[in-house]
Amino acid sequence: MTRPGGTWQNWGRSATIRPARVERPRTPEGVQRAVKAALSQGLTVKAVGAGHSFTGIAVAPGVLLELDDMQGLVSADRETGLVTLLAGTRLHRIPGLLAPYGLAMENLGDIDRQSISGAISTGTHGTGARFGGIATQVRGVTLITAAGEFLRIDAEHEPELLPGVALGLGALGIVVEVTLQCVPAFVLEAVDAPLPLDEFLDTVHERVEAADHLEFYWHPHTDVALTKTQTRLPESTRRSPRPAFGHWVDETVLTNGVFRAFCATSRIAPGIIPPFNRLAVKLTGDAQYSDRSHRVLIHRRTVRFREMEYAVPAEHVVPAFRAVQQLIAERGWKIEFPIEVRFAREDDLWLSTASGRATAYIAVHRYWKVDPKEYFGAVEQIMLDHGGRPHWGKLHSLTATQLEERYPRFGDFIALRDRLDPERLFGNRHLERILGA
């Protein structure tokens, strides 16, 4: 389906474009036809998923391909755990698709609105020192190249390129199918606990090593770490999910409804932020529950925000976090959103933020109607001083020259891009900034 280009904007309202044309292919062959047509007309072409990246990575001034109609399971093998999905498949649909096969994704982030191709292409990750980002689960990718040809990369077809293609920033071609290594379905037992911040930071590395999954939130202007620890258990484990009403109150009424009203009000009266944050911490009590993995890992987020997240070597997480804490105090800023800290194992993907090193992620947010530049800029400098790499889908100011210094395989990725898209059919201004002209 083709239509004239209306205005497209991402979820965070931080990127907007009016493409020349919007197409909505239903099959990989439809994507191929769209790429060939764009090539013949001298137009750039890019695919978008859910638009959940905060950067301009998916902005398409030429032809915008919406992959919403390319969702679903292509194949699944219960024995090997290999599952192939159409590229537009939303993460929240995948558990239902895998359930008949007794499989699950090994790890997830805390939001599941993204498409699978968008999630791997921007380095979406969860938490857990023994688990990598979603792209580390990729065992094969099929994409349409700038020549309008199908290209399959997997264990049997140019496997040496998979670490580059699995996290490709949308710069190498249009991904049409993704093969994931899934695992037997499992249950997660979760413990949510507020702990004194200083005490927690003193023991954070031991806690991360002892847990399957651990993350924590810190509301500025408080002295409490809101910790979330999860333990993986067999699928046969008896589950004790959160009571439906209590979960609704916590997630719908408080986390989204009340918090939305607070964010809107705090723009006018920022003085309410510190006491509200202290109240929020008091209202966040201990909780213990267990459920299917995706029901524990995923949270519903409807309050619109903007985000910057940096990956630092895991051993630097405490000094980097402390520096941000000190920054907020010294500047006298009133920050309404909590800071989130998560962890991941090292991997060998060329452009992964965890490439070659065990990693901790520090994420800062602002309400979408608040200008984040001063806060984000100052935090960014702290992260850079601690060896940080910016999340590819979240706001940052770095250029190709700066990024090349932080990724040993950056040159290999550029060489692969030169091979697959020498004329930059899949380029845009954002990619020009972060990858070079």
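# Terms applied to helix α11, a sheet and two arginines

Reader: Which residues of α11 are called buried, and what does buried mean?

Author: In α11, Tyr375, Phe376, Ala378, Val379, Glu380, Ile382, Met383 and Leu384 are buried. Buried means under 20% relative accessible area, exposed means over 50%, and partly exposed lies in between, with a 1.4 Å probe and protein chains only. The model is predicted: local features need pLDDT of at least 70, side-chain atom pairs count only at pLDDT 80 or more, and totals for chains, interfaces and linings use all residues. Residues are numbered from 1 along each chain as its sequence is written, and side-chain values use heavy atoms, leaving out hydrogens and water.

Reader: What covers the buried residues of α11?

Author: The cover includes β18 (305-313), α10 (317-331), β19 (339-344) and β20 (359-367). Contact here means heavy atoms within 4.5 Å. The helices (H or I, at least four residues) and strands (E, at least two) are DSSP runs, numbered from the N terminus.

Reader: How do you know what span to expect of α11?

Author: The expected span of a helix is 1.5 Å times one less than its number of residues. Helix α11 (residues 373-385) has 13 residues and reaches 18 Å from its first C-alpha to its last, close to the expected 18 Å.

Reader: Why is arginine 424 called buried or exposed, and where is arginine 424 placed?

Author: Its relative accessible area is 19%, so arginine 424 falls under the cut-off and is buried. Arginine 424 sits in the loop between α13 (410-420) and α14 (429-435). Arginine 424 has a positive phi of about 60° although it is not a glycine.

Reader: Why does arginine 13 get the label it has for its relative accessible area?

Author: The value is 29%, which lies between the two cut-offs, so arginine 13 is partly exposed. Arginine 13 lies in the loop between β2 (8-9) and β3 (16-17), and it has a positive phi of about 60° without being a glycine. Most residues other than glycine have a negative phi.

Reader: What makes β7 and β8 a pair?

Author: Two strands pair if DSSP finds at least two bridges between them. β7 and β8 (residues 82-86) have three bridges in the antiparallel sense, so they pair. Alanine 76 stands opposite valine 83 in β8.

Reader: In what order do the five strands of the open sheet stand, and which stand at the edges?

Author: The order is β7-β8-β12-β10-β11, with antiparallel pairing. β7 (73-76) and β11 (150-154) stand at the edges: each has a single partner strand, so one side of each is left without a neighbour in the sheet.
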